[in-house]
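Here is a short report on one structure. Keep the sequence and the 3D view open as you read.

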Amino acid sequence: MASLTYELTLAGLSVGSAAALTGVGLIVTYRATGVLNFAHGALAMVCAYALRQCVVGWGWPLWLGAAVTLVVLAPGLGVLLERCVFRPLAVLGGDPARTLVASIGVFVLLVGGAALVWGPGARDDAPRLVPDEPWVQLAVVLVLAAGVGTVLRPSGGRWWTPGRGTRFGIELRAVVDDRQLAVLGGIDADRVAAAGWAFGSFTAGLTGVLLAPYVRLDPYGLPLLVMEVVAVAVAARMRSLPVAVLVALGLGVAQSQLTRVHLSGRAAPLLEAAGTNLFVVALLVAALVLPGVGARDTSPRPAAGRGPAPRGARVAVGALFLLPLGFTGTDLHLAVRVPALGVVLLSLVVVTGRGGQISLGQAAYAGLGALFTALLAAGRFPGLPRVPELAALALAVLLVAPLGLLTGRPAIGRRGLALALATFAVGVGVSRFVFDQPYATDGLSLGRPAGFEGDRAYYVLELALLAAALLFTRALRAGRTGRALAALRDHEAGAAAAGVPVPSLKLLAFVCGAALAALGGGLLGMGLRAFDPGAYDPVRGLLWFAAVVVLGADSVLGALVAAALLVGLDAGTRGGVAAALVGVLAVCVGRFPGGPYEALRTAAARLRPRRAARLTPLGARVRARVHARVRPPRPPTPHRPAVAGVTGVTEMTAVPDAAAPRGAGGRARWARQRPARRPGRAGKPPARRGAAARPPRPGSAPVSGPGPHPVLAARGLRVRYGGFTALDGVGLDVAAGRVTAVVGPNGAGKSTLFHCLAGTLRPAGGRVLFDGWDVTRLPAHARTRLGIARTFQQLAVFPTLTVAENVRIGAEHGRIADPAAVERALRLFGLDGPVRTLPAAGLPTGTLRRVELARAFAGAPRVLLLDEPAAGLDTAEVAALARVLRALAADGTALLVVEHDLDLVAGLADVVHVMAAGRVVASGPPGGVLDAAGAREVRP
Ligand SMILES: Nc1ncnc2c1ncn2[C@@H]1O[C@H](COP(=O)(O)OP(=O)(O)OP(=O)(O)O)[C@@H](O)[C@H]1O
């Protein structure tokens with residue numbers, strides 16, 4: 001027994017060492033470049049194949065093959081990736097979403113390339129580099145971790161003794177924190193990043209050549225095996241090398257020891273599977289339970305195509321899908337996979353393209369759809385009788401849809417890298433604990449529905465279901481829900497501020513995505529007439545995600561083309577071509593973020609002026625006449641009555657609208673009204689579709705006192721960031737019909753206070769009261785629906801939506817859902833000209849500030865919170881802004897303005913609060929307070 005324990009411990013240390021190496025490599029790359037390298041496992045696989053090729057294929061001595069693989073190839077691949085893929089992205093600003101897609105692209109490219117070069121089959125003759133005992137591997141891991149830890153440490157002693165650290169460690173920290181600033185400071189950021197990539201790749205290569213002899217070497221299995229141990233790096237918070245090494249060794253030994261545990265009872269197979277897949281259990285815990293990694297990912301959304309595809313393309317794709325009806329034999333048999341895969345990829349269009357949520361686990365839902373269909377049709381689904389195939393498919397879709405919460409729930413609190421990891425973990429978990437287990441899939445067969453057994457009939461059925469899926473996707477992309485999803489994708493915080501219920505919308509996207517994936521998976525299974533677990537493994541999930549993103553994540557047509565490409569290329573060429581092609585496109589995706597149609601459109605737009613320049617003078621005159629006939633110039637816009645809710649026009653100031661074409665009536669009128677004060681509006685808030693009539697927290701007591709109480713109030717707010725107190729008992733009132741301003745030097749706590757009031761930050765102490773009701777725990781979107789609207793210091797508009805759609809989102813989700821509010825808001829802010837139909841992307845800052853204000857105004861807020869509204873505006877725009885804000889206040893809206901422009905504050909505010917070091921140090925009318933506090937001191 002003792003000897004068995006010893007043997008198992010040694011085996012566990014071997015596995016743990018390889019896992020520790022992976023952890024060290026992932027952490028080093030992450031710390032050097034800010035990228036969680038999804039391609040780490042694929043690099044390991046390529047190096048393992050390369051060593052085998054040198055030694056087994058070409059007969060080189062082992063030492064020479066190892067030297068070439070580990071000293072030349074592995075670091076060389078790292079440097080190549082840095083130079084060709086990740087450096088251009090870093091120079092463009094290092095958008096985490098693009099970087100993530102690129103690293104998945106590299107994974108897919110290497111996997112496809114390896115399948116192409118060495119064939120998809122598994123090899124069991126990988127050369128053994130070190131003896132079976134784990135001591136050499138362990139020593140290598142410990143020496144590497146210690147060496148790297150010393151080099152990477154930004155300070156040689158404790159963190160508070162700067163200057164004693166290695167120069168490289170300090171440079172590394174600087175590059176990761178802010179690449180551009182580091183470059184300005186004289187640091188060679190490219191060299192630092194290249195060194196990080198070279199070392200990360202070296203560890204990947206070492207992991208691959210050490211692991212390959214113990215597992216089957218194949219292009220799909222080995223990369224996945226390596227990526228399963230990413231939990232080690234996540235548990236170490238992508239920082240601590242000792243923690244990563246200890247966790248890896250501990251898991252390795254525990255997993256090894258658990259192989260001899262045999263249980264009995266119904267849950268025994270699952271528990272035994274968990275014991276032998278401890279790294280996957282750790283991955284699930286690390287990705288779903290521990291706080292998410294990748295805090296720098298602020299706006300991580302995959303690239304989305306904009307606008308519909310050209311009509312010709314739609315017709316061509318329609319014809320492409322009808323073409324197989326004329327096929328026969330194996331061609332038709334192969335073609336039945338295309339519509340099924342098309343439905344699966346449509347699920348990614350819903351989740352990723354429209355909802356902006358990264359989902360690497362769609363293969364799991366597709367597989368569950370196929371598995372449940374098979375179990376139901378075979379009468380093996382627990383508690384349910386046998387049902388016919390078509391009913392089984394429908395039932396499977398209904399059963400899998402709620403399982404979308406497996407990834408939807410984590411998506412509520414996670415974004416970017418953390419969400420990618422969570423969805424990847426779910427995909428791996430379902431694959432390992434369900435698809436790969438005999439208890440779920442043993443002896444399972446899957447037939448086609450009665451009447452659709454033949455390939456042609458089945459293809460027709462698939463086309464009908466694909467059409468239904470297209471209609472469903474279209475319904476989700478249109479109307480109120482479609483706009484809300486687009487807003488969520490474009491700017492999550494902005495969507496919440498506009499009142500969009502972000503958490504439930506995310507759940508909806510994942511549930512609908514799971515249902516569609518299950519439908520497609522079930523169809524795939526019926527098409528193959530079998531449940532094939534390999535058809536739904538997590539590598540497919542990565543491939544499908546990359547394919548949809550590169551062909552325009554929000555493009556239905558892109559998804560259909562991707563399905564045809566993936567099936568067609570794999571059938572017509574050597575295995576791996578489709579993956580390699582998708583990989584190449586994915587690593588380039590950062591260069592054309594809007595998708596292929598956007599790239600084509602941009603190219604066409606570039607060509608257009610040249611064609612115009614070639615017109616003869618006569619041609620130009622003819623064209624001008626035709627244009628004049630088709631589109632006569634609009635007469636100057638007459639003076640319009642005041643907007644409803646803002647009365648008494650007394651002033652009209654025209655500010656040129658930078659986005660509107662000259663002479664086309666596109667002159668902004670956003671500051672023309674100076675309405676008279678409307679009395680008697682400071683009472684109860686009008687109910688928002690019955691919601692506001694209900695207090696947010698029925699149990700909380702209203703704060704009431706003598707005299708008119710403020711609409712919004714802060715009471716003793718306290719916020720701490722770690723050991724630093726950002727707010728220390730701050731209290732203030734925001735009253736109806738008044739402009740309340742908060743000023744103070746940088747770091748005074750103004751933004752923190754603003755976030756507490758808006759609901760994007762929960763204070764550690766104190767309360768936020770709305771109309772006397774405690775709303776401290778209410779999320780941002782719920783506050784907006786009560787009537788607390790906000791704008792952002794950094795613009796938060798939805799770039800893929802038009803100006804009018806941006807404003808409509810505010811009207812649809814605000815305090816009062818009033819369709820007429822859109823036109824009112826557009827008119828008030830001078831956006832009712834041609835600019836209303838333009839996408840917000842690319843409009844000037846001044847126009848976008850108006851869009852944001854109009855969106856907030858369209859929801860009929862009772863309180864408007866404005867975070868540095870004058871930032872980026874010119875003098876005329878600031879003056880116009882001041883007039884509009886005064887008009888809104890005069891109409892009874894309570895305004896809180898956090899602003900650095902003291903001239904604006906002096907001319908606008910009724911009450912000014914001066915903050916310093918997390919406290920309100922002075923309050924009163926602007927003149928007195930600003931003079932007393934010293935305008936120079938509060939000016940940044
Ligand atoms: N997420 C955070 N983690 C740690 N410290 C933070 C965080 N956010 C803000 N701080 C710190 O809290 C303090 C108050 O920050 P805040 O942004 O509220 O100040 P501010 O008055 O709005 O400054 P500015 O005018 O520059 O925006 C600052 O010292 C800032 O460095």
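Which residues surround the ligand? In this predicted model, the ligand is surrounded by Tyr721, Phe724, Ala726, Gly744, Asn746, Gly747, Ala748, Gly749, Lys750, Ser751 and Thr752. Two elements give two or more residues to this shell: strand E4 (724-734) and helix H31 (750-758). H31 gives the most, with three residues. The table sorts the shell by class.

| Class | Residues in the shell around the ligand |
|---|---|
| Nonpolar | four residues |
| Polar | six residues |
| Charged | one residue |

Next, a single position. Leu334 is found in helix H15, which covers residues 329-335. Is Leu334 buried or exposed? Leu334 is partly exposed, because 18 other C-beta atoms lie within 10 Å, and a buried residue needs 20 or more. Leaving aside residues up to four places away in sequence, Leu334 touches Val567 and Ala571. Gly568 is 234 residues from Leu334 along the chain, yet their C-alpha atoms are separated by 8.4 Å.

Now helix H17, residues 362-377. What span should its 16 residues have? At 1.5 Å a residue, the expected span is 22 Å. The end C-alpha atoms of H17 are 23 Å apart, so the two values agree. H17 is also mostly covered, with 16 of its 16 residues buried. Just after H17 comes Gly379, which takes a positive phi of about 70 degrees.

Terms used: Residues numbered from 1 in each chain as written. Predicted model: local features only at pLDDT ≥ 70, side-chain atom pairs only at ≥ 80, totals over all residues. Near = placed C-beta within 6 Å. Helix = DSSP H or I, 4+ residues; strand = E, 2+ residues; numbered from the N terminus. Nonpolar A, V, L, I, M, F, W, Y, C, P; charged D, E, K, R; others polar. Buried ≥ 20, exposed ≤ 12 C-beta atoms within 10 Å, placed from the backbone. Contact = placed C-beta atoms within 7 Å. Expected span 1.5 Å × (residues − 1).
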